[in-house]
Amino acid sequence: MPCPDASRPTRAPTAPVPVPHGGRQRGRGYIAHFAGARPAGFLPSGDPAMRLSRLVGQRTKDTPKDAQNVSHIYMMRGGYVRPVSAGIYSLLPLGVRVTAKIEAIIREEMDRVGGQEVLMPVVLPQELWDESGRSKTVGPELLRFKDRNDKPMLLGMTHEEAVVHLARSEVSSYRQMPFMLYQIQTKYRDEARPRGGLIRVREFTMKDAYSFHADAEDLARYYEQVHEAYVRIFRRVGLRNCVSIQSDSGMMGGAVSHEFMAIADCGEDTVYLSPDGRYKANKEIARSGLKFLHEAPLPLEKVHTPGRTAIEEVAAFLGVEPSRTGKAVFYVDGDGKLVFALIRGDLEVNETKLRNYLKSRELKFADDGAIRAAGAVPGYASPLGLDPAKVRVIVDPSAAESSNLVVGANEPDYHYRGFNYGRDLTAAEVVDIAVVRPGDPCPVTGLPLEMCRGIEVGNIFQLGTKYSLSMNCNYLDANGKAHPMVMGCYGIGVGRTMAAVVEQSHDQYGPVWPMSIAPYHVHIIGLNPRQPGVAEAAEKLYQELLAHGVEALYDDRGEKAGFSFNDADLIGVPLRVIVSPKTLEAQKVEFKTRDGSRHEMIDLAGAGEFLVGEVKAALAGYR
RNA sequence: CGGGGCGUGGCUCAGCCUGGUUUAGAGCGCUUGGUUCGGGACCAAGAAGUCGGAGGUUCAAAUCCUCUCGCCCCGACCA
C-alpha cells in the first residue's frame, strides 16, 4: 500500500479497522493506536499490538539519577514506569502489559488450586483492625486518616481483616470448607524508607490469598499445594533463580512460613544456601552446624587485663583466638527489661532470633547506665555474679558448649580464664542466637553455606487461628459445634516480580524478557521505510501476526538503524524481525532473538508462519 | 527516626566556593526545513526554565545566611 503522505514517512501508513469494545480480557483491556481519523467518541480496541510511533512512554539514553539498580534503570529508561512520589510509581503501557501477564499467570495458578478471585477495598474502616488488635500493634507504616464524618479509616496494607470479615459472614458450615479467596489489589504501606526502585515501594500491586480450613492438618496439606503453585508461578514468569526458604514468620503469627526469594544482588534479604540445595534459610533464622571445642575443664582463674575491653584486645593480650572467648552483649527489650546475651567471641548475636525467642517487638543495645544498674561492669561484663532478678541471661550454644572460655570478671581490668557453662553458670537459657557466617557448615549437610542476596517475591504462611479467634470467624462442625477457622495466607508482589525478572534477565543494553511476560512477542523494525516495498512488507507482516494472535510491536518510525535497534534492546521484546531494502532484495527478513542466541535470514514469504511458530514454541516452554 | 548527598527547561548536568559579562548555559529529547540512512548521524532555524519554596543580607542573589519542602543513598524499622 502506498504511503499516503510521502513527506512524513514516519506516520503509520494505514488506519486500523476500528473494532468496537467487547471481548475484553478479565482485568484490563488495551486501547489500540490511532493512525488516522476516527469517529468522534469512539475508541477502537481489540488490537493487541502497537505501532511504536504511537506508543506513549519515551525511551531515554540517559540514566535517571534516582535509579540505582538494574531493574529500576531499565524500567525507567525503557518507558515502563515513571516515578510520581517516593516509592510511588505510574505504570506506562509497557509496564501494564508486563504486569498484566504476570497477573494472568498468577490467576491461572490460583484458580488451579481452587482459588476464587474477589476484590476487597483499599480503604477500610479502622474498626475492623480494632477487632484483630492490629490497629494498635502495627506502627506508622499503616496509613490512617479520617473521612468527612471523622470516622477513622485506613489504607489496607494487607487484607486479613477484610477477608475474615467476608469469610465469617459468607461461610458458616464445615460443608463449605475448605475454601480459598484471593485478590490482586493495590496495597499501601507507608514505608519509612522506600528504596531500590521497584523493590521496596509504598504503593504496590499484590496478589494476596487466604485459605480457610477446618483444622491444621487440612491447612498443612493445602499449604503444600500452594507451595507447588508458587513454584510453578515463578518458573512460568521466567525467574531462573528463585528458591523457597524457611523464614521468620515475625509478627504475622503462625508457625510455618516460607519466602520465595529471587536471587539477585540488589535484594534486601540475605539468604543462606547449602550447595546441594538441601538447606535454604533466611539470615534471620538461619542456623549453622558449627562444632564446638570440648576439652577437659580447667579451673576458673582471674587474670589481669588492663584496659582491654574489646574481644580482639583481650584475645590478643592473652594470646588466644577470639573463638576461645565469650562475648557479652546487653540489650533492653520492649518492656525495658535488661537481657544479657553470651556468645562465643568470634560470633555475632542475631537480633531477630533473639527478639523472636524473647517474643519482644523491640530490642536495643543497653547503655552503660542500664548495665551498671544490673551490677555489671561495661567492658568486663561477666555471666558470673549477675543478679537474676535484674537481668535475663541467654547463652548461645557456641558459648554453652565450648570449654574453657575467657569471659569478663565483672570487675574493671579483669577477666576470667577457664569459664565452663554447666559448671560456672547453670541458671541460664541456652538458645541459638548466633548470626550465621558465609562458609559456616550447613546444619543439615555440613557443607559450607553460601550466602547470597534475595528479593522476596512471595511468601506463604500457616496463619492458624490468630485472626479467626480475635475476629470471631467460626464454622459449625457436623455436631453443630463452633470452631475457629484455620487460616493460611499467601502473597506475591507483582511489581517486585517484574523487577526481579529484569534483575535476573538483562544484558548491557536492556531487559531480556521471557516470552511469557514480555510486553510483546515480536518486535518488527522497518528500516528505511521510504524505500520501495519496505513499509508495505513490514505492514503486511505486522497484520499477519496480529491475525494469528501474535502481539507485535511495529517500529514504523523510519528512524536510523542504530536508533531503532537501541530502542528495541531497551524494550527487550524476545523476538525481533528486521525488514529493510537489503533484506527484501533477497526476498528475506532478518530474524534475531533478544538474548542473542539466534540470528538468521528467513524467507519473506514464510516469515509470518515462522514467527507464529516461534512464539508458540517459546510460550509452550512456560506452561 | 539517625547519618550523608542532591534540588537549575521533559531527561542528564555545568554555573554556586570567590554575588555584578548571565538578557540563566550545554548535551539528549521535542518542533520546522534540508542532507543522511544497518548499532543512538549532520546542518540550519525554533519552542521550552518564577534556578524547589519562604524569609533575610546586599545597590545587586541561581550564587551568601536562616527556615522549610521534596528526592536519593547508608543505617534503624518492616515484610
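The questions and answers below concern a predicted model.

Q: Which helix gives the largest share of the largest nonpolar core?
A: The largest nonpolar core has 55 residues. Those touching the most other members are M110, Y230, F234, V237, Y490 and W513. The largest share of this core is eight residues, and they come from helix 6 (residues 216-236).

Q: How many residues are in the other core, among them L128 and Y475?
A: Another core lies apart from the largest nonpolar core. Its members include L128, M177, Y475 and C489. The number of residues in this core is 27.

Q: Which residues does Y230 touch, not counting those up to four places away in sequence?
A: Y230 is one of the residues that touch the most other members of the largest nonpolar core. Residues up to four places away in sequence are not counted here. The residues that Y230 touches are then M110, K207, F260, G458, N459, I460, Y490, G491 and I492.

Q: Are helix 1 and helix 12 roughly parallel or roughly perpendicular to each other?
A: The axes of helix 1 (residues 70-77) and helix 12 (residues 494-504) come within 8 Å. They cross at roughly 105°, and angles of 65 to 115 degrees count as roughly perpendicular. Helix 1 and helix 12 are therefore roughly perpendicular.

Q: How do the residues of the contact of helix 1 with helix 12 divide into nonpolar, polar and charged?
A: From helix 1, V70, S71, Y74 and M75 take part. They meet M498, A499, V502 and E503 in helix 12. The residues of this contact divide into six nonpolar, one polar and one charged.

Q: Where does P178, joined to M177 by a cis peptide bond, lie?
A: The peptide bond that joins M177 and P178 is cis, with omega about -5°. M177 is also among the members of the core of 27 residues. P178 lies in the loop between helix 5 (160-170) and strand 8 (179-188).

Q: Is N404 buried or exposed?
A: N404 is not a glycine, yet has a positive phi of about 55°. This residue is found in the loop between helix 10 (397-400) and strand 19 (405-408). Its relative accessibility is 8%, and buried means under 20%, so N404 counts as buried.

Q: Is N528 buried, partly exposed or exposed?
A: N528 has a positive phi of about 50° although it is not a glycine. N528 lies in the loop between strand 28 (522-526) and helix 13 (534-547). At 46% relative accessibility, N528 counts as partly exposed.

How values were computed: Residues are numbered from 1 along each chain as its sequence is written. Chains are lettered from A and ligands numbered from 1 in the order in which they are written. This is a predicted model: local features need pLDDT of at least 70, side-chain atom pairs count only at pLDDT 80 or more; totals for chains, interfaces and linings use all residues. Side-chain values use heavy atoms; hydrogens and water are left out. A nonpolar core is a set of buried Ala, Val, Leu, Ile, Met, Phe, Trp, Tyr and Cys residues joined through side-chain atoms within 4.5 Å. Buried means under 20% relative accessible area, exposed over 50%, partly exposed in between (1.4 Å probe, protein chains only). Helices (H or I, at least four residues) and strands (E, at least two) are DSSP runs, numbered from the N terminus. Contact means heavy atoms within 4.5 Å. Axes are lines fitted to C-alpha atoms, for helices over the stretch in contact, and angles run from 0 to 180 degrees between N-to-C directions. Angles under 35 degrees count as roughly parallel, over 145 as roughly antiparallel, 65 to 115 as roughly perpendicular and the rest as oblique. Ala, Val, Leu, Ile, Met, Phe, Trp, Tyr, Cys and Pro count as nonpolar, Asp, Glu, Lys and Arg as charged, and the others, Gly among them, as polar.
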